[in-house]
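Colleague: Could you walk me through this one, step by step? I am new to reading structures.

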Amino acid sequence: MNYMDNIITLKGIGDKTAKLFYKLNIYTLHDLLYHFPRDYEVYDTPVNLAIAPLDVPVTLRLTVTGNFVWKKIRSLTIGSGFAQDDTGKVSIVFFNVPYMKNIIKAGETYLMRGKLKKENNHWKLEHPKIFSEEEYSQKTGTMQPCYSLTAGLTNNTVIKAIRQAISAICEEEYLPAELIEKYQLVSRSCAIRDMHFPSDYEHMLLARRRLVFDEFFTFIISLRKLKEYNEDAVSSYPMIETAETLRLIESLPYKLTDAQMRVYHEVTDDLTSGKCMNRLIQGDVGSGKTILAFLALLTAITNGYQSALMAPTEILATQHYEQLCMITAKYKLPFKPVLLTGSVSTANKKKIYTEIEAGTYNVIIGTHALIQENVIYNDLALVVTDEQHRFGVMQREIFSKKGDKAHVLVMSATPIPRTLAIILYGDLNISVVDELPANRLPIKNCVVGTDYRKKAYGFIMSEVAKGHQVYIICPMVEESELSGGLENVIDYTDKLKATLPESVRISYLHGKMRPAEKNRIMTAFSDRDIDILVSTTVIEVGINVPNATVMMVENAERFGLAQLHQLRGRIGRGDAQSYCIFVSGTDNTKSMDRLKILNHSNDGFYIAQEDLKMRGPGDLFGIRQSGDMNFKLADIYYDSKLLQEISQSVDDVLKEDRELCTSKYSGLKVHLEQNTVNFIDFKSI
Ligand code: ADP
Ligand code: MG
């Protein structure tokens with residue numbers, strides 16, 4: 001079998017199952033092997049209720065004390081009852097497993113595995129897995145992979161498919177022996193196997209290290225090549241600084257900060273230098289990057305060219321579009337903008353494509369839709385990507401190629417120190433907006449338990465009365481067997497509406513809504529037609545509603561701290577005092593202490609690092625602070641030390657053999673040809 005074979009070639013995978021895999025973007029055996037577990041389950045020895053730890057998976061040996069009661073609520077079947085051991089009694093709830101009715105019997109003893117909770121001094125076990133003594137003893141002590149799934153696809157089906165693929169495919173080593181030796185790396189085939197089916201934790205860590213090594217190594221070597229290729233390229237779109245930009249800066253209702261001014265000049269110098277710009281603007285949330293993008297777009301269009309701005313979400317793209325339209329009208333700017341996103345109707349898209357090609361618009365704002373093949377631009381001289389960390393290098397490069405090598409400006413709020421930025425954005429020049437606008441007051445934070453909710457609502461009401469707005473973040477969209485008792489947007493909104501006075505305007509937002517609906521809600525929130533927005537983390541990136549002064553995060557313990565830091569960046573964007581309330585769904589002191597890190601620091605990198613320290617290596621999965629840079633396994637925070645070492649190694653390799661033509665690098669060269677971003681022509685180096 002071959003890497004690129006379709007998964008349908010595997011035994012036991014027919015059309016129907018294959019389609020489920022496709023939903024997860026798994027098409028080939030290669031995709032399958034790189035679909036790594038999102039977690040592992042370790043089946044440890046059963047414990048007594050009295051000594052069982054809370055909020056982590058445990059196994060209990062319990063006897064069911066009576067018949068279960070089964071109810072249907074909306075589409076959900078819920079079964080509840082009690083069970084006990086010698087040390088106590090626990091209430092048990094099942095969601096959506098009607099067949100359990102016939103399995104679970106009063107008086108019988110089972111091994112039940114799940115997360116134990118304690119509420120009002122009563123133990124509660126939600127949706128446990130049930131095992132017989134024999135089934136359990138087979139699993140004891142092993143690490144079972146848990147995969148991301150989709151409805152209809154079971155973990156077992158994925159495990160079987162991966163086992164087959166592993167035995168069918170032989171991974172060849174491509175790294176030179178020297179590097180393997182120096183970094184004490186395990187072989188690639190061993191790494192793939194142990195990542196899926198580790199015999200123990202140590203082996204999993206070694207496997208992960210090897211795979212992270214490969215990810216970083218390939219990435220960095222590609223960047224070095226890209227830099228060589230882009231450096232000093234003469235631009236097809238020479239520009240001059242125009243009076244329009246200076247006029248706009250003069251007319252803004254605020255004065256640009258010194259940092260913004262400095263970066264404005266750096267960008268303008270690039271654009272007018274005659275060479276191709278390749279620049280990153282790095283600046284914490286709220287530092288005012290958008291206006292810098294607008295100024296660059298303005299320079300491009302007043303020089304008679306087209307320009308484009310890409311954002312990772314439709315909500316953000318729409319917001320940028322609306323803001324640009326607003327300043328265009330207000331300051332009589334020469335922008336002729338258009339919005340192009342995935343949800344534009346096909347007929348409309350066609351029309352927009354024609355108009356873009358004809359040059360009817362001079363600035364095109366949108367999502368990934370901007371880099372689709374069918375979009376043909378007209379003298380596209382400048383491409384700007386907002387929240388670049390959400391895109392890959394490849395997308396950035398494709399975007400630039402939409403012009404005749406357009407000037408590239410990317411923006412990111414990922415909080416990383418300069419040393420790391422230089423590595424991760426190795427092919428770009430970096431500008432830093434290291435100053436917040438002067439009118440900002442630091443956000444006041446608190447970490448509380450759920451019993452504080454009532455007080456919090458009181459506080460929220462007082463802010464709403466002042467005309468301010470509020471975000472409430474829940475980790476889940478709706479109640480389901482997978483939601484594990486976490487707060488969900490739909491039910492939370494209902495509960496909130498029942499609790500607060502009718503005059504308070506409450507709406508919700510989540511990623512599963514239709515794009516047009518999402519935009520409608522977001523616009524209504526921006527227009528102050530909604531007081532409280534209950535939302536998932538879809539609002540995490542870029543959204544700017546300066547009138548929002550409170551953010552309350554439910555089940556805050558479920559988020560990485562770096563993500564919480566990004567989230568709270570949605571408030572504190574105006575001149576009013578803002579407040580962030582992190583509600584912990586557990587009294588576990590460790591999770592409370594972890595959240596409290598957010599109280600005393602506003603430095604995103606420090607926060608991410610502290611988070612990792614506190615969680616310890618046992619929580620490796622689920623610690624990913626961010627999906628930044630599109631790495632599959634590597635985490636730029638957790639693996640920052642390895643990243644720096646690899647960067648040095650790449651330099652050493654290229655210094656020794658820039659063309660990778662000696663025999664020891666032949667495997668590497670082939671690997672790069674096949675696996676790196678295909679715009680870099682490794683064949684020709
Ligand atoms: P980010 O860097 O997170 O993208 P934005 O560009 O969205 O931040 O800016 C956040 C808010 O700050 C916006 O409402 C913007 O109008 C405002 N802003 C930008 N620059 C300044 C400034 N120099 N003084 C005051 N407010 C500013
Ligand atoms: Mg922004």
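**The ligand and two strand pairs**

Modeller: Around ligand 1, the shell has 5 nonpolar, 7 polar and 5 charged residues; here Ala, Val, Leu, Ile, Met, Phe, Trp, Tyr, Cys and Pro count as nonpolar, Asp, Glu, Lys and Arg as charged, and the others, Gly among them, as polar. This is a predicted model, where local features need pLDDT of at least 70, side-chain atom pairs count only at pLDDT 80 or more, and totals for chains, interfaces and linings use all residues. Residues are numbered from 1 along each chain as its sequence is written, chains are lettered from A and ligands numbered from 1 in the order written, and side-chain values use heavy atoms, without hydrogens and water.

Colleague: How many residues surround ligand 1?

Modeller: A residue counts as near if one of its heavy atoms lies within 4 Å of the molecule. Gln260, Gly286, Lys289, Thr290 and Arg440 are the closest, and the full number is 17.

Colleague: Which residue has a side-chain N or O atom 2.5 Å from an oxygen atom of ligand 1?

Modeller: A polar contact is a pair of N or O atoms within 3.5 Å. For Asn544, the distance from its side chain to a ligand 1 oxygen is 3.0 Å. The 2.5 Å distance belongs to the side chain of Arg440.

Colleague: Which residue in S6 is the bridge partner of Thr59?

Modeller: Strands (E, at least two residues) are DSSP runs numbered from the N terminus, and two pair if DSSP finds at least two bridges between them. S2 (residues 57-64) and S6 (residues 109-119) are antiparallel, with 7 bridges. The partner of Thr59 is Arg113.

Technical notes:
A polar contact is a pair of N or O atoms within 3.5 Å; within protein, one must be able to donate a hydrogen and the other to accept it, and residues adjacent in sequence count only if both atoms are side-chain atoms. Helices (H or I, at least four residues) and strands (E, at least two) are DSSP runs, numbered from the N terminus.
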